Amino acid sequence: MKNRYIKIFCVAIVSAMTLASCDKGFEEMNKNPNALTDPAVKSMFTLAEIYVDGQDFSNTRGNNLYAAQIVQQFSSLGGPGSKYTYSSEYSAALFGETYGKGLNQIFQLLSVVENTPENSNMIQACRIMKVFLFQKLTDTYGEVPYFEAGKGYNGNVFSPKYDTQEAIYNDLLKELDEAGTALDAAKPFVGNADLYYQGDVARWKKLANSLMLRVAMRLSKVNPAKAKEFVEKAYAKGVFTSNDDSLVLKHDAGPAGVKTNPITSSWVRNDLNGGESNIKFSKTFIDLLKNTNDPRLRIYAKLEATGDNNPASQQGLANDAKEFPGGDKKLFSDPNTSTVLRLDAPTLIMSYAEVQFLLAEAAVKGWNVGGSAQTYYENGVRAAMNILTIFGDKVPAVSPAEYNTYITTYPFKASGTEAEKIEQIITQKWIVLLFNGFEAFSEYRRTGYPVLVPVNDPTGETKGTIPRRLIYDQSELITNEANYKEAIQRQGLDLMTTRIWWDK
């Protein structure tokens, strides 16, 4: 992967366009002097890619404090995800930011780009990025505005209707299938304005197909026939084949909040405080890696107060904890600020390892994906360990010998039941999805793995059951009341315990 850092060309949307002016002529006087007539579409495309990764607001609140704590990658004493409590601001963060920034940027770009062969690759890439954002939205909340979203630009629709998740998923698969096929290396693209693959159309095609694999597998229980159809189609069209294909977004160490990693920046700047953070690694996560002598632990975790990343020293905080045992926060493991929690740490948006685990699960189900579950599983574990080199060389990388020892000690359960095999696959996926709490939360709900012990805290909203979704942005009751009420009438009450369509 190329070591490329984010370059935001000019200042977001304002600098992405130039304004028309008027002169003394009648024709010019009849032009809107505030109209945006010369869009700098490459700059707009770059910003759209950044927004797909999310910003500090949704990543701190929705990811770190909700989703990643619900699935017990992280924990905190008062965290809404750890205790299943409701925070309107945190629960709504992904909803408001995705529509207000990510999707808004893509819809605005598509509204000014002419549908010509010269712009075709940019348009297809925008369709793929829309799928990333919409899948995260619908998986987190259930029904969301989809088909009418973005029509404020060209249709004057400012209160869009909510669509069923089934209809949304059908269209997500269609979009990926069509966009991936339409990408054409013989046509122009955006060159280095593409932070993902620097204009490499072949890798964008793999991305579309790999994302199709993820989207299709989400239907494995609610519509297994369709899941199988599109998993096999994605594989046949060509998915990631190595870590070099993984979608990695590079970041800079500053300025804070602009180029820094949106998952880590607010954490490092505001909360870590030399080990005094209220957010720690979960006991569930640390114990699993310690008990299996997982060589990734030294890369993921350390005691920030002392800099100790010795696996034997690591200690996770139980998600039901009401205080720090011993009273000293500094004795509990923090994300490693030398590696994964650097301000300029890259974001692993989608990895080759995840693709291998998806194919392993498909193989367990007997679907036609060209290989055995064991081979895909072993490839996935190896890739998940090797990809950590993107976080620098301050901590020794996982060696081939360490991988061999690990996979020999904890081999794939080739003679186990289907459930045992899938549990093993999803547990490994849960590890590699660290910092992608939204996706880990979705996969937990789909599969029930890894096995988690629910928290029954008196402040919780779920009476001791693990949440199934987050609650909508309550401003919808003011700005989009009729459509919001229609959605919850179909889907169920706007509660954390309401299951969404594919959650069976």
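**N386**

I started with N386 in this predicted model. Buried or exposed, I wondered about N386? Neither: N386 comes out partly exposed, because its relative accessible area is 35%, which sits between the 20% and 50% cut-offs. N386 belongs to helix α14, residues 373–386. Which residues does N386 touch, once neighbours within four places in sequence are set aside? I found N243 and V398. I also checked N386 against L211: the two are 175 residues apart in sequence, and their C-alpha atoms are 21 Å apart in space.

**Q165**

Next I went to Q165, which is in helix α7, residues 165–182. Q165 counts as buried because its relative accessibility is 2%. I listed what Q165 touches, leaving out residues up to four places away in sequence. T138, D139, G142 and E143 are on that list, and so are I500, W501 and W502.

**Salt bridges**

I then turned to charged pairs. Side chains of opposite charge can pair when their charged atoms come close. How many salt bridges are there? The count is 33.

I looked at E175 and R127, whose closest N and O atoms are 2.8 Å apart in a salt bridge. E175 is in helix α7 and R127 in helix α6 (residues 120–141), so this pair ties together parts that are 48 residues apart in sequence. Both E175 and R127 are buried.

Then I took E439 and R214, whose side chains meet in a salt bridge at 3.5 Å, N to O. E439 sits in helix α17 (residues 437–447) and R214 in helix α8 (residues 201–217), so the pair ties together parts that are 225 residues apart in sequence. How accessible is E439? I have E439 down as buried, with a relative accessible area of 6%. R214 is buried too, with a relative accessible area of 5%.

For K485 and E481 the closest N and O atoms are 2.7 Å apart, and the two form a salt bridge. Where do K485 and E481 lie? Both are in helix α19 (residues 481–491), four residues apart, or about one turn of the helix. K485 counts as partly exposed because its relative accessibility is 42%. E481 is also partly exposed, with a relative accessible area of 36%.

After that I traced salt bridges that share partners, and they join a set of residues into one network. E439 and R214 are in that network, and D139, R218, E354, E361, K429, E443 and R446 are in it with them. I had already met D139 as one of the contacts of Q165.

**Aromatic pairs**

I moved on to the rings. How many aromatic pairs does a search of the whole structure find? It finds 24.

F189 and W204 form an edge-to-face pair, with 6.0 Å from centre to centre and 75° between the planes. F189 is in the loop between α7 and α8, while W204 is in helix α8; the two are 15 residues apart, and the pair links distant parts of the chain. F189 is buried, with a relative accessible area of 15%. W204 is buried as well, with a relative accessible area of 0%.

W204 also pairs with Y197: the ring centres are 6.2 Å apart and the planes are at 85°, so I noted this pair as edge-to-face. Y197 counts as buried because its relative accessibility is 1%.

I also noted a cluster linked by ring pairs. Its members are F95, Y99, F134, Y141, Y146, F147, Y162, Y472 and Y484.

**Largest pocket**

Last, I opened up the largest pocket, which holds about 420 Å³ of space. Which residues lie nearest its centre? Out of 23 lining residues, I have Y99, A149, G150, F158 and P160. Y99 is a name I already had from the ring cluster.

Which helix gives the most to the lining of the largest pocket? That is α5, with seven residues. Helices α5 (88–112) and α18 (476–479) each supply at least two residues of the lining. I also sorted the lining by residue class: ten residues are nonpolar, nine are polar and four are charged.

Note on methods. Residues numbered from 1 in each chain as written. Predicted model: local features only at pLDDT ≥ 70, side-chain atom pairs only at ≥ 80, totals over all residues. Heavy atoms only, no water. Buried < 20%, exposed > 50% of the residue type's maximum accessible area, 1.4 Å probe, protein only. Contact = heavy atoms within 4.5 Å. 1 Å grid on protein atoms, 1.4 Å probe; cavity = no way out; pocket = protein on both sides within 12 Å on 5 of 7 lines; lining within 4 Å. Points joined across faces, edges and corners; volume = space filled by probe spheres on them. Nonpolar A, V, L, I, M, F, W, Y, C, P; charged D, E, K, R; others polar. Salt bridge = Lys/Arg side-chain N within 4 Å of Asp/Glu carboxyl O. Phe/Tyr/Trp six-rings, centres within 6.5 Å; stacked < 30°, edge-to-face > 60°.
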